[in-house]
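Hi,

Here is the structure I promised to send over. Have a look at it first, and then read on for my notes.

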Amino acid sequence: MDPMIEHLRDALEKVVGFIYPNELELQWSILIVMYPYVTGLVAGAFILASLERVFNVESVKPTYRLSLLSALAFLIVAPLPLQLHLGHPFRGIEIFLTPNTSSAMAMFGFIYAWYLMAVILMEIWLDYRAEIVGWSKTEPWAPKRMFYKVLTFGVTTVTPGSRRIDDVLGRAITVIGLPSAVLLHGYVGFIFGSVKANPWWSTPLMPVIFLFSAMASGIAAVMLLYMFLTWMRNRPLDMRCLDTVAKFLLTAIIVAFTLETLETIQKAYEAEEHFDILALLVEGQLSFSLVFLQIFLGSICPIILLGLPQIFGVSDQGRKSLYAVSGVLALIGIFAMRWNVVIGGQFFSKSLRGFTTYKLQFIGREGLVAAIGVLVLAFAILAVLIRLLPPWTKDEPGRAPAAGGRAS
C-alpha cells in the first residue's frame, strides 16, 4: 500500500466527526508551546528585577541580578523553538533584511533585538561595570581576565561620580525596558487572540492573560533559582526577600487565574454556536491538562499554599517548603496553560464538527527531547553567566567584590 494512503487512513481513524482534509495533522507542535513559555520566563524575570530598580522595592534586592541574568539566558534561547520548528534557521535574518510591518511574528524580531541589545545587555553591563573593571585587573586566570578586559570597552575609570552615572542610566534603561518586556510577551497573546476563525483563541483578554501568567512563571522561576543557589552556596536565605517575592507571585497567579475564569464565564454566558464543541473539548481531550494541571494543580493549589503564610503563622522552614512547592506547581500550571492554548486550539475542526489528536514525538526535530533541550540549554547558559558574573548582592557574604577586589 502507498505509504501516503496508509498515513491518511491512520489519521482518519483518529478523527471524531468531520474535519477538513488539511486538518488531519496539527501544524504547531510542542516547540510552539515552548516558545511562549520561554518568552514568558524572560518577561516575568525582568519585571521582577524592575521592582527593585524602578519601584524601589528594596526587599527583593537579593534577586535583582539573578533576575537579570535569568532573563538574558532565557532570552538567548527564546527564538530557538521557532527556528527548530521552521527547519530553516538561516532564513531568520530575512526578518531584518525584508521587514514586514503587517506581520506580528516578523515584528518580534525587532522587539527581540531591541530588548536583547539595548535593554538587557546594557542594564547588566552598567550594573556590573565596576566589578568588571576590578576583575579585569585581579582575575588570576589569563583568559578570564582578558574576557573581563574586553567587557570594559576601554572604560576603566571607577569613581563615585561614574557609579552614580551608571546607576542613573541603569534606572532609565529599566524604565524603558519595562514596556519592552510587556510588548515581548504581550504580542504572543496578541497573535493567538487575533485569530478570529478560532473561537478557542479569539478573545481580547488573551494578551493580558499571557502577560500575567508570564509574570507568574518568571517570578516562580527566579524564586526557585534563588532558593536553590542559596542552598548550594550554603548561605542563609533572606526570608524578607523570599516572603516579598512569594507575595508578588501570589498576586500574579490570582490575577491570571481570575482573567482566565472571566474569559470562561463570558464564553459560557454568550453560548455561541462554537460553545458546544468547546465544552466537549474541555470534557474530553483537555480534561486532564486543563482541569487538573492548569486549574487545580497550577492555579488553585499555589494560591492556597501561598496564601497560608498570609493568614496563619508559619515557621521559616514551613514557608520555604510552601514556596518551593508553589513555585514548581505554578511553572507546571503555566506550561499546561500554554499547551492548552497552542495544542488545544488545534484539536477541533474549522467546521466545528470534529476533533483530531496530537501524538507527541519523543525524538526528532519537534519532539520532547528537543523541547527539553531548549530548557536545558537556557539553564546551561545561565550557569555560565553566573560563573562569569556572580549575582550575589552587596550585603551578602560571598558576593563578588567591587572594583579592585576578587570574585569569590
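Let me start with the enclosed space: this predicted model holds 2 cavities of 30 Å³ or more. The largest cavity has about 100 Å³ of space in it. Its lining is made up of 13 residues, and Ala256, Glu260, Gly298, Ser299 and Ile334 are the ones nearest the centre. Four helices each give two or more residues to that lining: H9 (206-232), H10 (239-270), H12 (287-311) and H13 (316-342). If you are thinking about the chemistry of the walls, the lining residues of the largest cavity split into 7 nonpolar, 5 polar and 1 charged.

Then there is the open space. The largest pocket comes to about 640 Å³, with 27 residues lining it. Leu82, Gln83, Leu86, Gly92 and Ile95 lie nearest the centre of that pocket. The elements that supply two or more lining residues here are helices H2 (30-53), H4 (80-86), H5 (94-97), H6 (104-138) and H8 (160-193). Which of them gives the most to the lining of the largest pocket? That is H6, with 5 residues. By class, the pocket lining counts 17 nonpolar, 8 polar and 2 charged residues.

Now the charges. I get 8 salt bridges in the structure, and a few are worth going through.

Glutamate 131 pairs with arginine 65, with the closest N and O atoms 3.0 Å apart. Glutamate 131 sits in helix H6 and arginine 65 in helix H3, so this pair ties together parts that are 66 residues apart in sequence. Are the two partners buried or exposed? Glutamate 131 is buried, at a relative accessible area of 4%, and arginine 65 is buried too, at 7%. The pair also belongs to something wider: Arg53, Arg65, Asp127 and Glu131 are linked in a network of salt bridges.

Another one joins the side chains of aspartate 243 and arginine 319, at 2.9 Å from N to O. With aspartate 243 in helix H10 and arginine 319 in helix H13, the pair ties together parts that are 76 residues apart in sequence. Aspartate 243 has a relative accessible area of 18%, so it counts as buried, and arginine 319 is also buried, at 13%. As noted above, H10 and H13 are among the helices that give two or more residues to the lining of the largest cavity.

Glutamate 366 and arginine 365 also meet in a salt bridge through their side chains, at 3.4 Å from N to O. Here glutamate 366 counts as buried, with 18% relative accessibility, whereas arginine 365 is partly exposed at 45%.

Two single residues as well, in case you want spots to click on. Serine 67 lies in helix H3, which covers residues 64-77. Serine 67 has a relative accessible area of 0%, so it is buried. Setting aside neighbours within four places in sequence, serine 67 is in contact with Ala45, Leu48, Ala49 and Val222. Methionine 146, on the other hand, is found in helix H7 (residues 142-151). Methionine 146 counts as partly exposed, at 48% relative accessibility. Its C-alpha atom is separated by 9.5 Å from that of tryptophan 135, and the two residues are 11 apart along the chain.

For the overall picture, the secondary structure of the protein chain comes to 14 helices and 2 strands. The chain has 408 residues, and 51% of them count as buried. Looking at contacts between residues at least 6 apart in sequence, 78% join residues at least 24 apart.

Last, a word on confidence before you set anything up. The average pLDDT of the protein chain is 84, and 85% of the residues score at least 70. Residues 397-408 are another matter: the pLDDT there is below 50, although this stretch has 40 contacts in the model beyond near neighbours in sequence. Where pLDDT is low, the predicted coordinates should not be read in detail.

Cheers

Key
Residues numbered from 1 in each chain as written. Predicted model: local features only at pLDDT ≥ 70, side-chain atom pairs only at ≥ 80, totals over all residues. Heavy atoms only, no water. 1 Å grid on protein atoms, 1.4 Å probe; cavity = no way out; pocket = protein on both sides within 12 Å on 5 of 7 lines; lining within 4 Å. Points joined across faces, edges and corners; volume = space filled by probe spheres on them. Nonpolar A, V, L, I, M, F, W, Y, C, P; charged D, E, K, R; others polar. Buried < 20%, exposed > 50% of the residue type's maximum accessible area, 1.4 Å probe, protein only. Contact = heavy atoms within 4.5 Å. pLDDT = per-residue confidence, 0-100. Salt bridge = Lys/Arg side-chain N within 4 Å of Asp/Glu carboxyl O.
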